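The following exercises are to be worked with the sequence and the model at hand. Each task is followed by a solution in steps.

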Amino acid sequence: MGFTDGRNEAWLRDLLTDNPDLLPIEEVDPSFAPLVPLCTELSTEAGPVDAVFISPSGRLTLVECKLWRNPEARRKVIAQILDYARAVSKWSYADLQRRVAVATCLKGNVPFDAARELQPDLDEAAFVDATARALREGRFLLLLAGDGIREGITGMAELITRNASLGFSFGLVEVALYQFGEQGLVVQPRVVAKTETIERTFVHLQAGDGVSLQEVAEEAEVEVRGETPKMADERAWWEPLTRISFDDPEQEAPTYRPRNHIRVSMPYPGIWLTAYRYMTDGICGIFLTGKKNELPRVLDTLNEERDQILIELPNVTSERYQNNSDRLGFASYAQLDDFATDDECRAWLAQQLNKFVNAFRPRLKAMARQG
């Protein structure tokens, strides 16, 4: 929707590059913020990317600009941006640096120099390592930006979720334009649709008497160096909880996950515990969660023992797993104001995590054995 007055996709590309704050990254995936403009028309094996941004933590955002009134754009845009992501995921940091240098006609470590303008104390070696790792793992933010996204376009996000194999986040951003006579142009961006980060399963080949396959991670470890001060503070808050021990001697310690939560693995593929703080609403809590294709089945089985589980977990709520669903989940919440200090809050979270592990680990282990 809005008013384009003959403006084309190149104009929209340059507008977003010159004004990165127009892109509502915090609403799509805050781990890619803040945006630092890197270049336009970045050459890849799949064609040129309209606009490329990078964050001080080394994560790339690829933006494709389309005028959604163009039917051809509707048909091709998803395949196009996926092809860009696949091509860039095969690059080394040297490849990125070389191609950005060509696009900008600048010399030197252009990606680092651009990021350092926003974060002057950024360490070059840490930034290069973080960016190289994000490239290998395909951890990009893919944004489709248009002047008027219709309802039908949101189905494209579902297509990406079903078919993508890289670990990226995705968003559809409508950049509506309104002309107010001689008073100028008003630009109103909004997020139309977004996906959660798509997680990959990594397989490790072990040598020895024979070759075996082992699933070693639901999602790649997040690069920690080069993070923003706010992200560093959040990580520091959770760090004591990553060292806690459980009653169950086989339970692995929690791992930190940006932003502002930790994860505890469970012995059932695609299922885990999450502990979090949500500062906006002033709450913290624990809940059992997992991949959408696994969690409903697991909850159905666990709910057959719900009465017994609630005896073991007396603080668990009876919230619905999803809206308009009769399926119940397992969660425990507390108000941050209930705790006088951060240490008290962490102690409560540690206690709840231990109880959740004691309640769910043996049950999930038995379910995994039964297949």
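Two strands are taken as paired if DSSP finds at least two bridges between them. The model is predicted, and the exercises below apply to it as such.

**Exercise 1. Determine how strand E10 is joined to strands E9 and E11, and describe the turns.**

Solution.
Step 1. Strand E9 comprises residues 255-257 and is joined to E10 by 3 bridges, the two strands running antiparallel. Within this pair, Tyr256 stands opposite Ile262 of E10.
Step 2. E9 and E10 make a hairpin that has 3 residues between the strands. Asn260, in that turn, has a positive phi of about 65 degrees.
Step 3. On pairing with E11 (residues 271-278), E10 is again antiparallel, here over 5 bridges. Ile262 stands opposite Ala275 in E11.
Step 4. E10 and E11 likewise form a hairpin, with 5 residues between them. Gly270 lies in this turn and has a positive phi of about 80 degrees.
Step 5. As to burial, 4 of the 5 residues of E10 (residues 261-265) are buried.

**Exercise 2. Establish the strand order of the sheet that contains E10, and state which strands stand at its edges.**

Solution.
Step 1. The sheet is open and has 5 strands in the order E9-E10-E11-E12-E13, with antiparallel pairing.
Step 2. E9 and E13 (331-335) each have a single partner strand and so stand at the edges, with one side of each left without a neighbour in the sheet.
Step 3. Neighbouring strands are turned against each other by 25 degrees on average, direction ignored.
Step 4. The pairing of E11 with E12 is antiparallel and extends over 8 bridges. In this pair, Arg277 stands opposite Cys284 of E12.
Step 5. Helix H9 packs on the sheet and touches E11 and E12, its direction making about 100 degrees with that of E12.

**Exercise 3. Explain why the buried residues of H9 lie on the same side of the helix, and identify what covers them.**

Solution.
Step 1. The buried residues in H9 include Leu295, Pro296, Val298, Leu299 and Leu302.
Step 2. These residues cover an arc of only 160 degrees around the axis, and therefore lie on the same side of H9.
Step 3. Their cover includes E11, E12, helix H10 (306-312) and H11.

**Exercise 4. Describe the nonpolar cores of the model and the elements that supply the largest one.**

Solution.
Step 1. The largest nonpolar core has 38 residues. Among those with the most contacts inside it are Leu273, Leu302, Leu349 and Phe360.
Step 2. Two or more residues are given to this core by each of H8 (229-238), E10, E11, E12 (283-290), H9 (295-303) and H11 (342-370).
Step 3. H11 provides the largest share, 11 residues.
Step 4. Leu349 touches Trp237, Trp238, Leu241, Cys284, Gly285 and Ile286, residues up to four places away in sequence not being counted.
Step 5. A second, separate core has 35 residues and includes Leu96, Ala101, Phe127 and Leu142.

**Exercise 5. Classify Cys65, Cys105 and Glu41 by accessibility, and examine the unusual backbone geometry.**

Solution.
Step 1. Cys65 has a relative accessible area of 1% and is therefore buried, the cut-off being under 20%.
Step 2. Cys105 reaches 69% and so counts as exposed, the cut-off here being over 50%. The count of disulfides comes to 0.
Step 3. Glu41 counts as partly exposed because its relative accessibility is 33%, which falls between those two cut-offs.
Step 4. Most residues other than glycine have a negative phi, and most peptide bonds are trans. Cys105, by contrast, has a positive phi of about 60 degrees; its place is in the loop between H4 (93-104) and H5 (110-118). Glu41 also has a positive phi, of about 55 degrees, and is found in strand E1.
Step 5. The peptide bond joining Ala33 and Pro34 is cis, with omega of about -5 degrees. Pro34 lies in the loop between H2 (25-28) and E1 (36-44).

Key: Residues numbered from 1 in each chain as written. Predicted model: local features only at pLDDT ≥ 70, side-chain atom pairs only at ≥ 80, totals over all residues. Heavy atoms only, no water. Buried < 20%, exposed > 50% of the residue type's maximum accessible area, 1.4 Å probe, protein only. Core = buried A, V, L, I, M, F, W, Y, C linked by side-chain atoms within 4.5 Å. Contact = heavy atoms within 4.5 Å. Disulfide = S-S within 2.5 Å. Axes fitted to C-alpha atoms, helices over the stretch in contact; angles between N-to-C directions. Arc of directions from axis to C-beta.
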